[in-house]
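Me: I am new to this structure. Please take one part, the site around a bound ligand, and go through it closely. What surrounds the ligand, and what touches it?

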Amino acid sequence: MSKILVTGGAGFIGSNFVRMLLNGSDHEVVNLDALTYAGNLENLTDVASNPRYTFVKGDIADSAQMDEAFAAHRPDLVVHFAAESHVDRSVLDATAFVRTNVQGTQVLLDKSRIYKTKRFVHVSTDEVYGSLGPWGFFTEDTPMQANSPYSASKAASDLLVRAAVHTHGMDCVITRCSNNYGPYQFPEKLIPLMIANALEGKHLPVYGDGKNVRDWIYVTDHCEGIRAAMERGQAGEVYNFGGNAERENIYVIKEILRLLGKGDNLIHYVKDRPGHDRRYAMDSSKARATLGWEPRHTFEQGLRQTLDWYVQNRSWWERVRSGAYQDYYKQQYASR
Ligand code: NAD
Ligand code: DAU
């Protein structure tokens, strides 16, 4: 049994990872999260009373706060999800992206070294590789060519992790994954936004010609990959994870409408995202060969499960959209 500090565990992927660890291992989990707009403790109500779970509110870019958290909890392992994650927000203002993704990662690396954490798992993204044309795949050796302020900040954080390995001999592993979807994804990202808008009869905004391609992976498949890298990855290595499910955005949107029994008249083409990457596609053969990992869900299975979840958990995303979810921390934790 290890004590695992999960940063950003109140977000989309982090909360799915925390749930996976609590339900499928005997590890202790410390969830450290600043509860930005993307952090939602209602993502974890089903596991929050587990005696192996602790929540700590903290900002990874605040060195004093992180020192206090590491001193109090002395984690064996750090799995680092916390980030500003939405490309559109980084186009509007990159300040928080540099602070959290770059500065915050360095603070965590420093504390992990000082407090002798055994392994640091850095959760990164395929977006650091830039954009592909119609053919080819990103491998772990593809040069980083980040195009958005978000992906540039993630690329910077990857390089800081690499530097910690080479300069300080730290045991770090970097994972890079393609587009996740599934339960508890904030309805600003493509799939949950389109589902929620369709369910409310609102327009579905399609950027540009709708033919940008993403490689979709069901969130628990990504979480299993991170766990495999945490347990079996080699120090200093990078592992790509993809869903083997490339789809044009317009295909995904039409499929959501079809499965929900809604008409294409809700589709609304809008101005393109500035610097919009055309295509991402992952070569995950290294993770398959060396970690024994592979995704369990086809896109069709994962999308069906995701739609069902958003239909059955309407109050979850309605509380996100109304802002009511932000009261949960105050009610449950702040008065303790
Ligand atoms: P998310 O936006 O849903 O969650 C981010 C979490 O980080 C939130 O809980 C937020 O409160 C927390 N956070 C933000 N700033 C913080 C700070 N300064 N201190 C502490 N906590 C802070 O993000 P996500 O989609 O779950 O992504 C998680 C990680 O996975 C990110 O590092 C992202 O780059 C990476 N990733 C995401 C995808 C994807 O498709 N969503 C794909 C590959 C990699
Ligand atoms: O590839 C991994 C990355 O995937 C992660 O690192 C990021 O954190 C995550 O946000 C995601 O980035 P994308 O920019 O690919 O995801 P997003 O859901 O914002 O957009 C997916 C595609 O859909 C993209 O081509 C833009 C398009 N889009 C998005 C939105 C929100 C639309 O056409 N309309 C929309 O309203």
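Reply:
**The shell around ligand 2**

Start with two elements of the fold. Helix 6, residues 190-199, gives at least two residues to the shell around ligand 2. Strand 8, residues 204-207, also gives at least two. Keep in mind that this is a predicted model.

Now the whole shell. It holds 24 residues. The closest are T125, D126, Y150, R273 and H276. By class, 10 of the shell residues are nonpolar. Another 8 are polar, and 6 are charged.

Next, the individual contacts. Three of the closest residues, D126, Y150 and R273, can be followed down to atoms. D126 places a polar side-chain atom 2.5 Å from an oxygen atom of ligand 2. In the side chain of Y150, an N or O atom lies 2.6 Å from a ligand oxygen. For R273, a side-chain N or O atom is likewise 2.6 Å from an oxygen atom of ligand 2.

How much of ligand 2 does the protein bury? Taken alone, the ligand exposes 690 Å². The protein buries 94% of that area.

Why do those short distances matter for the naming? A polar contact is a pair of N or O atoms within 3.5 Å. The D126 pair, at 2.5 Å, therefore counts as one. The Y150 pair, at 2.6 Å, therefore counts too. So does the R273 pair, at 2.6 Å.

To sum up, ligand 2 sits among 24 residues, and 94% of its area is buried by the protein.

Definitions and conventions. Residues numbered from 1 in each chain as written. Chains lettered and ligands numbered in written order. Predicted model: local features only at pLDDT ≥ 70, side-chain atom pairs only at ≥ 80, totals over all residues. Heavy atoms only, no water. Near = heavy atom within 4 Å. Polar contact = N/O pair within 3.5 Å; in protein donor to acceptor, adjacent residues only side chain to side chain. Areas by Shrake-Rupley, 256 points an atom, 1.4 Å probe, with all protein chains shown as cover. Helix = DSSP H or I, 4+ residues; strand = E, 2+ residues; numbered from the N terminus. Nonpolar A, V, L, I, M, F, W, Y, C, P; charged D, E, K, R; others polar.
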